[in-house]
Amino acid sequence: MAENPLRVLVADDIASNRTIVGAFLAHLNCTPIYATDGVEAVELFRMESPDVVLMDLMMPRMDGFEAIKQIRAMADDHWVPIIILSALSGEGDIVHGLEIGADDYLAKPLSFPVFAARFKALRRLLDMQRRLAGSLEQVRAVANGVIDGIISADEKGTILSVNRSATQIFGYTANELVGQNLRMLMPNPHRDKHDEYLGRYLSTGEKHVVGQIRELSGVRKDGTEFPLELGVSDITLPNRRMFIGVVRDVSEMRRIQRQLAEDAARLQRYHDESEREQELAMAIMERQVRSDWLRDGAVQYAVMPARNFSGDVVAVARSPQGALYAMLADATGHGLAAAVSVLPALGAFYRGAAANQSLTELVTELNGLLCGLLPKGRFVAASLVRLEAGTHKGQIWVGGVPDVLRIDDGGKVVQRFISRQLPLGILPSEEAGISHEEFVWSEVSQIVLCSDGLTEAENASGEAFGMRGLEATLQGSPRSGRVSRLRQALTRHLGRQAAGDDVSVLILDCAV
């Protein structure tokens, strides 16, 4: 039988994130309820009573931390799992989120296998919770609302009466209990000291159990010990004094709690293993990029990840004939998942440089490779440059990234190459019309390539850094320090705001 759909509240201020999570949930037979900020999330939780909450932390009006606190307060004793979905990777943010009421943490960008595994585990936990709630409701209905054992006793601790639930809890019949001392239901050392406890309470009024609900151990008729919750009331009647004890067997509750703890530990182990695997993948990815070529004296570059790992890739190589090849690639998304999309292209790039290919030949090979490997909807925006050795000639190809600039020694733009080609991996090469542009230079100049993570970086006021910010920073900056100046300008522009996407810049010298 198909599982009942879970109703999942998704709180995220970025529409693309909501779309991705919604697609994941659809594959898992879940119904999403979308909120664009913390205020809306709290209101929708109150109105819709979802089964699960997926909460981003950084949102306008009310952040995820405050929303989690308010939702957890509203949920009261009804457990609704709250999972943080955030690109914040600081340990303090994660710990704080969990301390104020979240149950788990998933880092962006999301991995669908991990996401699916977490939801399968959540289904099991929620199913157990629902089965327990259903069982308790059945018992309440059958017992006419009385599910706890009720035992009355006199001042000497002699049992006066028991209800049916009490006989079931302890395994005795009513006749076997009435007239006996309460200590028969207690384990040692409390059994031997019960009369002493009772006498001290009657003479001093010092309370240890009376007027409170405490968790203790009881003993069944067969001698087994079990956990129970006990609440005792002291009642004074006109002609006698009585104690009323309400007993609840919490064995099953504790078993479920242990099961939940074990499931949580398994989830943590799965998360830790996933983290280790991601670290290994990052190490492998970094080794694919030839860092020795990037140390070429004619090259300046910077790669600034939005999260833990950059999805932008820059690569440089020289052919046996001395031609300088450069590629800046920006796959859809960001982080490790995006970088993996570019990984197959790196080998082809280095092979093309070794064969001294023209850019049209090289891009055709890269596009064919990515068309065969990338899933539908994924592509790689890129710009590639080839500078001939010993000449003032070059080739350039731009597909889906911001304009590539040629600047003079003072940093002023003297030539602009706009994106006229489709990104890699969208159409087969024979349909894409792949061709490069030729250019020449006569004065000392530089070629500047960047990803849209730089031009689209927004500050707290929503203003983008833009091509204007790029060109203004380049103009007048020292030739050898332009990447450093761009880093500083971007940091000033963002202020305390985090970059929304990976940022990469690559600058190549055109010598005369």
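**A note on strand E13 and the contacts around the chain**

1. Let's start with strand E13, where both faces are covered. On one side sit Leu 324, Ala 326, Leu 328 and Asp 330, on the other Tyr 325, Met 327, Ala 329 and Ala 331, and all of them are buried. In a regular strand, side chains alternate between the two faces of the sheet. Please keep in mind that you are looking at a predicted model.

2. Why can E13 be called largely enclosed by the rest of the structure? The strand covers residues 324–331, and eight of its eight residues are buried, so the rest of the structure largely encloses it.

3. Next, look at the partners of E13. Strands E12 and E13 run antiparallel and are joined by seven bridges. One place to find this pairing is Asp 312, whose bridge partner in E13 is Asp 330. The two strands form a hairpin with five residues between them. In that turn you will find Gly 322, which has a positive phi of about 95°.

4. E13 also pairs with strand E14 (residues 380–387), again in the antiparallel sense, over eight bridges. Here Met 327 stands opposite Leu 384 of E14. Met 327 is also one of the buried residues named in the opening point.

5. Now for the charged pairs. How many salt bridges does a search of the whole structure find? The count is 24. One of them joins Arg 220 to Asp 249, with the closest N and O atoms 3.1 Å apart. This pair links distant parts of the chain, 29 residues apart: Arg 220 is in the loop between strand E8 (213–219) and strand E9 (225–236), while Asp 249 belongs to strand E10 (residues 241–249). Asp 249 has 30% relative accessibility and therefore counts as partly exposed.

6. A salt bridge also connects Arg 318 with Asp 296, and the closest N and O atoms are 2.7 Å apart. Arg 318 sits in strand E12 (residues 312–318), and Asp 296 in the loop between helix H10 (291–294) and strand E11 (299–304). The two are 22 residues apart, and the pair links distant parts of the chain. Is Asp 296 buried or exposed? Asp 296 is buried, as its relative accessible area is 16%. Arg 318, at 29% relative accessibility, counts as partly exposed.

7. Further along, the side chains of Arg 479 and Asp 509 meet in a salt bridge, 3.6 Å from N to O. Arg 479 is in the loop between helix H15 (466–474) and helix H16 (482–494), and Asp 509 is in strand E20 (residues 503–510), so the pair ties together parts that are 30 residues apart in sequence. Arg 479 counts as partly exposed at 24% relative accessibility, and Asp 509 counts as partly exposed at 22%.

8. Salt bridges can also be traced as a network here: Asp 12, Asp 56 and Lys 108 are linked in one.

9. Turning to the rings, a search of the whole structure finds seven aromatic pairs. Phe 170 and Phe 226 form an edge-to-face pair, 5.6 Å centre to centre, with 65° between the planes. Phe 170 lies in helix H6 (residues 164–170) and Phe 226 in strand E9, so to speak at two ends of a link between distant parts of the chain, 56 residues apart. Phe 170 is buried, with a relative accessible area of 3%, and Phe 226 counts as buried at 4% relative accessibility.

10. Another aromatic pair is made by Phe 439 and Trp 441, and this one is tilted: 5.8 Å centre to centre, with 35° between the planes. Both residues are buried. Elsewhere, Phe 24, Phe 112, Phe 115 and Phe 119 form one aromatic cluster.

11. Two residues from earlier points meet again. Which residue lies over the face of Phe 226? That is Arg 220, at 3.8 Å from the ring centre. Arg 220 therefore has a place in two of the contacts described here: the salt bridge with Asp 249 and the position over the ring of Phe 226.

12. Finally, visit Thr 455 in helix H14 (residues 452–455). Thr 455 is buried, with a relative accessible area of 11%. Leaving aside residues up to four places away in sequence, Thr 455 touches Pro 402, Cys 450, Ala 464, Phe 465, Gly 466 and Met 467.

Key. Residues numbered from 1 in each chain as written. Predicted model: local features only at pLDDT ≥ 70, side-chain atom pairs only at ≥ 80, totals over all residues. Heavy atoms only, no water. Salt bridge = Lys/Arg side-chain N within 4 Å of Asp/Glu carboxyl O. Helix = DSSP H or I, 4+ residues; strand = E, 2+ residues; numbered from the N terminus. Buried < 20%, exposed > 50% of the residue type's maximum accessible area, 1.4 Å probe, protein only. Phe/Tyr/Trp six-rings, centres within 6.5 Å; stacked < 30°, edge-to-face > 60°. Lys NZ or Arg CZ within 6 Å of the ring centre and 35° of its normal. Pairing = 2+ DSSP bridges. Contact = heavy atoms within 4.5 Å.
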